[in-house]
Amino acid sequence: MMNDGSRRNRLRRRAVEEPARSCNGARAHRRRRPPQCFRVLRSLSDPMVRGYLSFTPFKLRDLHPAPVGRRHVFFIHGFDARSGIRFPAFFKRELGRHTARFGTMPRAVSEIRTSADGLSRTWTVGPPADGDGAAVCCETLIWSDIVHADLSRPVLRQLALLARSVVSGLAQGLFFKTARFGWPYTLLSAFPFFVVFVAPALLISAGTALFAVLKPLSPMETVWAALICAVAAGAGLYAIRKALGRLFFWHILSIRIFFWQHATGRRPDYEARIALFSERILTELAQWRAHPAEAPDEVMIVGHSLGAAMAVEVAARILARLGTDDRPLPRLSLVTLGSGLPFVALPKEAVGIRARIASLVYSDRIVWCDYQAPQDWLNCYGFNPIFDIGLERPAFLAHNPLIRSAGVKDRIPECDYKRLRLRPFHMHFQFLKANFRPGEYDFFEMILGRQSLLGRALRPNCRRPVAPAQDP
């Protein structure tokens, strides 16, 4: 016979499991559980996105960093032939919007100075009157001339290089390796190959088959029919070349070629520019060591998009040159925004790149924070070099990188997000734009605020926006 306690528990459990009733006595709508396949896919994706986009290394140099009074920022732009020239004006415009939206004190921005060799543009941002910010010197390191040379290659040379890069990638299965860290970026990188090779091959096959259906063909006639279809396909591609340009076809094709050339060591011009940028920063560090009173509290290297890969290599070269020198040095920080690092680090030929990444991962002399965004088609999210490039040393010895989400969807209004989500290049630049809403990621608070990079990554101060001014 069932005792009263067990019966009471059974009745309580039944009452909880029964569907709730609304006020008029009708059954409330029961939320249907998603199919098992959707639950499995969600269980696979959630740990990747939620876990990897909020990762803190096992060892950190300083959990309570001091505030920053002066900062020097070296910014490295992405694969854009104009970013190096127009970024200072872009920075000033977005800083004005940040000031208006969040009610911060106005900052004095100096005139832009271009270096004698034309490879850097410098300006300063003064501290606010209320002291709620750092005095910052911003310096853009320019490699737009290399990008322009890549975009200006003859078409046939570009197509030949594309074919070589695709063959190399298919042989190593890079399509599936990079798809783990952002399938939109992988599909975009495959877009030129599909347009140039797959689509014409399908058209030639369909045209030849249509000829054969309409009239039986001899082997020689079949060859001639295929040649006619090939000429027609080539003429079609030539006719739509301007439309392809509006779809950023040639830009994506050049990026795809650049990934392959850089990973396989076929870019001596790019390597020389990395060495030049490293020397420029090392010269500044030596000067600050000689005159400590003029030294900033933090030296920050910021890389956006493909510039993030260059920033990683510049930082690794700087650490290698500094060696074990223990003389006083400004705090070193590295920020990578929307990077495509897997495309240059995963090919088997990229041994040197992986070694330089490893030197940053296990170094306690620099803080590296990687901001990622699943909403950005041109960003490899979920990539963590500690686990994904086959490092030899144990993961618990890693000091870097801190991985954080840029929170793009939460920082901009819903109407703007719906408009931008299908415009990948515009969404990609949200990393550098002023927030509409407060968020842990704020480009201008990171660059101009009092918090160090490590302090902001661990305990960010989120500034509240002010109400827009009402017209009288």
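This is a short tour of a predicted model, going from the whole chain to its pockets, its largest cavity and a few backbone spots.

**The whole chain**

Start with everything shown as cartoon. You should be looking at 20 helices and nine strands. The chain has 472 residues, and 47% of them are buried. If you colour by surface, there is about 24400 Å² exposed, with carbon and sulfur atoms supplying 60% of that area. For contacts with a separation of 6 or more, 76% link residues that sit 24 or more positions apart.

**The largest pocket**

Next, select D80, S83, R86, F425 and F429. Of the 25 residues lining the largest pocket, these lie nearest its centre. The pocket's volume is about 580 Å³. Now colour helix 3, helix 10 (249-263) and helix 18 (424-428), the elements that each give two or more residues to this lining. Helix 3 gives the most, with four residues. Colour the lining by class and you get 13 nonpolar, eight polar and four charged residues.

**The second largest pocket**

Keep helix 10 on screen and move to the second largest pocket, which has a volume of about 300 Å³. Select G169, L174, F175, S189 and R256, the closest to its centre among 21 lining residues. Helix 10 turns up again here as one of the elements giving two or more residues, along with helix 5 (155-172), helix 6 (174-179), helix 7 (183-214) and helix 13 (341-345). Helix 5 has the largest share, with five residues. By class, this lining splits into twelve nonpolar, seven polar and two charged residues.

**The largest cavity**

Time to go inside. The structure holds six cavities of 30 Å³ or more, and the largest of them contains about 90 Å³ of space. To frame it, select L95, H98, T104, M105, R107, P128, D132, F444, E445, L448, G449 and R463. Helix 3 (83-102) is back, and together with helix 19 (443-448) it makes up the pair that each supply at least two residues of this lining. Helix 19 gives the most, with three residues. The class count is five nonpolar, three polar and four charged.

**Backbone oddities**

Zoom in on N400 and P401. They are joined by a cis peptide bond, with omega at about -10°. P401 sits in the loop between helix 15 (385-388) and strand 9 (402-405).

Now hop to F248, in the loop between helix 9 (241-246) and helix 10. F248 is not a glycine, yet its phi is positive, about 60°. Is this residue buried or partly exposed? F248 counts as partly exposed because its relative accessibility is 38%.

S305 makes a good follow-up. Like F248, S305 has a positive phi of about 60° without being a glycine. You'll find S305 in the loop between strand 6 (298-304) and helix 12 (306-322). S305 is buried, because its relative accessible area is 12% and the cut-off for buried is under 20%.

**Last stop: cysteines**

Finish by selecting C380 and C415. How many disulfides does the structure hold? The count is zero. C380 counts as buried because its relative accessibility is 2%. C415, on the other hand, is exposed, with a relative accessible area of 56%.

Key
Residues are numbered from 1 along each chain as its sequence is written. This is a predicted model: local features need pLDDT of at least 70, side-chain atom pairs count only at pLDDT 80 or more; totals for chains, interfaces and linings use all residues. Side-chain values use heavy atoms; hydrogens and water are left out. On a 1 Å grid over the protein atoms alone, a cavity is a set of points where a 1.4 Å probe fits but cannot get out, and a pocket is an open set with protein on both sides within 12 Å along at least five of seven lines; lining residues have an atom within 4 Å of a point. Grid points are joined across faces, edges and corners, and a volume is the space filled by probe spheres set on the points. Ala, Val, Leu, Ile, Met, Phe, Trp, Tyr, Cys and Pro count as nonpolar, Asp, Glu, Lys and Arg as charged, and the others, Gly among them, as polar. Buried means under 20% relative accessible area, exposed over 50%, partly exposed in between (1.4 Å probe, protein chains only). Contact means heavy atoms within 4.5 Å. Accessible areas come from the Shrake-Rupley method with a 1.4 Å probe; for residues, only the protein chains shown count as cover. A disulfide is a pair of cysteine sulfur atoms within 2.5 Å.
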